[in-house]
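Colleague: I am new to this structure and would like to understand how the terms used for it are justified. Could you show it to me before we start?

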Amino acid sequence: MKEIINVGVKSRKVDLSNCKTDLLAIGLFADAKGLDKPTKELNSKLNGAIDQLIKLGDFKGKDGTSALIYGNEQTGAKRILLVGLGEKKKATLDTVRKAAANAANKAVEMKIKTVSLSLHRAFGGRFDLGTMGRVMAEGVYFGSYRYDEFVTESENGRQDSLSVELIDPDPAKISKLNKGLRSGTIIGKAQSYARTLANRPGNVINPVTLAAEVKKLARSSSGLSCTVFDEKQLAAKGMGGVLAVGSGSKSPPRFIILKYTPGGKATSKVPTIGLVGKAITFDSGGISIKPSAKMNEMKLDKTGGIAVLGTMKAAAELKLPINVYGIIPAAENMPSGTSYRPGDIITTFSGKTVEVLDTDAEGRMVLCDGLAYAAEQKCNPIIDIATLTGACVVALGSHKAGLMGNNAELIKQLQKVAQDSGEKVWHMPSGEEYLTEMKSKIADLKNLGHINRYGGACDAAAFLGQFVGKAKWAHLDIAGMDIFREPTEFTVEGSSGFGVRLLTTYLMNLTGKKG
Ligand code: BES
Ligand code: ZN
Ligand code: ZN
């Protein structure tokens, strides 16, 4: 994708006080007791500038902060960026990732093209070095990401490449860091790919163009194959949910199936994981139309599906020894004379009927067909990901995604992976009581629980749980997690690519791959 900055991450055996570079990033904890030996050396070459910054209280090592110092004839580095790591005991792998993202973001801001990272050193032996190599690479892609493919008038256009190196004087450490670089680069690039697709507006990405993009991806990746059902096939298969939601739009719906088989051969020895992602390319609400304020953000209502797409790309490039289905029901939810209406009763792919009370509760209408299809393909476990409910944003804000499901072990696995990936989740209830709300008197289910919408995220999950058969299943409600409304220290505003790291690391863990 040419619209993404071309980023390369490598490693180099060199000490920080001798490292020739445009920008050298060093991590410092808020509660560190003094500087370590190499940093002390650099500090003396800088005539005590690091000490001075700390003494004056201009840099406290707080999480998300940084301070810039200019180098001199004695230092190899032209600039030194101190990156805050927060309190030592609170540090996680995401602290390492965010430090790298912070440095990469600053580098692109300053139009710097070569960056050297000495961030792992502060963590000592706390984390596996290969894993630190991976998460630093992920962070570099995350932080340097920009979205400007439609900007034609920018005077100070951004650079088109960035070269980053992880540095250490010890060759043994370098070779360990290297172990994670490859997977970190794959995951980082997959997330940037997802962010760009998600950021593209509804007049560019619709179900038809999205399907074409997925086909293109499958053609260029070994192990991936793609099947797309068009509206005729959807009708023939009885995928009433996807058809109903897509019926109001000029762009017809598509049901996109990506299949990853390691080495191109299906093997029955490993389980088949099903990933199902909601891809509403624009959600106007349909006949139950949304208020106009911030409706533009609903171009991001496809991000669940896009996260599945990014994950499939990463799984294939990582050559994970596992079978994965990526199922992406795609539709545009629009009001028109051909739209589905409140009151309609829809027969879904599973055979279950649904009374539509609100056409804006369309995510569950497409996901129910996606989940039932995954169950029919004997996927187990099945994980779905969707910008599903405003109620989830009310409950959790924009810090954690809602996590529900029918299997305690799967929930636990995802909670663990969320911690390491930095894409956080919170386990929320669902099940019988909530399901009662979703029963209709004139159909099997209705698509809206309480008219007051209390507990709406849990109701939605209970609805979805009806379509997975006996499979182990988990549901990620990522409403509120799909977007950064403002730029942060770590990245720009727009799509967050949430879910690519979480789902890819989940798959990696299943296969025992660490890196
Ligand atoms: N796409 C929205 C959910 C959403 C809200 C995503 C805010 C991101 C930010 C979804 O399709 C929707 O409109 N849900 C309704 C469900 C209701 C009608 C039961 C909602 O949350 O209001
Ligand atoms: Zn909606
Ligand atoms: Zn929606």
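Colleague: Are K278 and E362 buried or exposed?

Modeller: In this predicted model, K278 is buried, and E362 is buried as well; the word is used because the relative accessible area has to be under 20% for it to apply.

Colleague: What makes K278 and E362 donors of the zinc ion (ligand 3)?

Modeller: A donor is an N, O or S atom within 2.8 Å of the metal, and the protein donors here, K278 (NZ), D283 (OD), D301 (OD) and E362 (OE), lie 2.0 to 2.4 Å from the zinc ion (ligand 3), so they meet that cut-off.

Colleague: Why is the site of the zinc ion (ligand 3) called octahedral?

Modeller: Six donors count as octahedral if opposite ones are over 155 degrees apart and all others between 65 and 115; the site has six donor atoms with angles of 77 to 172° among them, and it is classed as octahedral.

Colleague: How are the donor residues spaced in sequence?

Modeller: Their spacing is K-x4-D-x17-D-x60-E. K278, in the loop between strand 9 (272-277) and strand 10 (279-283), and E362, in the loop between strand 13 and helix 10 (363-376), are 84 residues apart, so that this pair links distant parts of the chain.

Colleague: Which residue bridges the zinc ion (ligand 3) and the zinc ion (ligand 2)?

Modeller: That residue is D283, and the two ions lie 3.2 Å apart.

Colleague: How do you know that strand 13 pairs with strand 17?

Modeller: Pairing requires at least two bridges, and two bridges join strand 13 (residues 353-355) to strand 17, the two running parallel, with V354 opposite L445 in strand 17.

Definitions and conventions: Residues numbered from 1 in each chain as written. Chains lettered and ligands numbered in written order. Predicted model: local features only at pLDDT ≥ 70, side-chain atom pairs only at ≥ 80, totals over all residues. Heavy atoms only, no water. Helix = DSSP H or I, 4+ residues; strand = E, 2+ residues; numbered from the N terminus. Tetrahedral: all angles 85-135°; square planar, octahedral: opposite > 155°, others 65-115°. Buried < 20%, exposed > 50% of the residue type's maximum accessible area, 1.4 Å probe, protein only.
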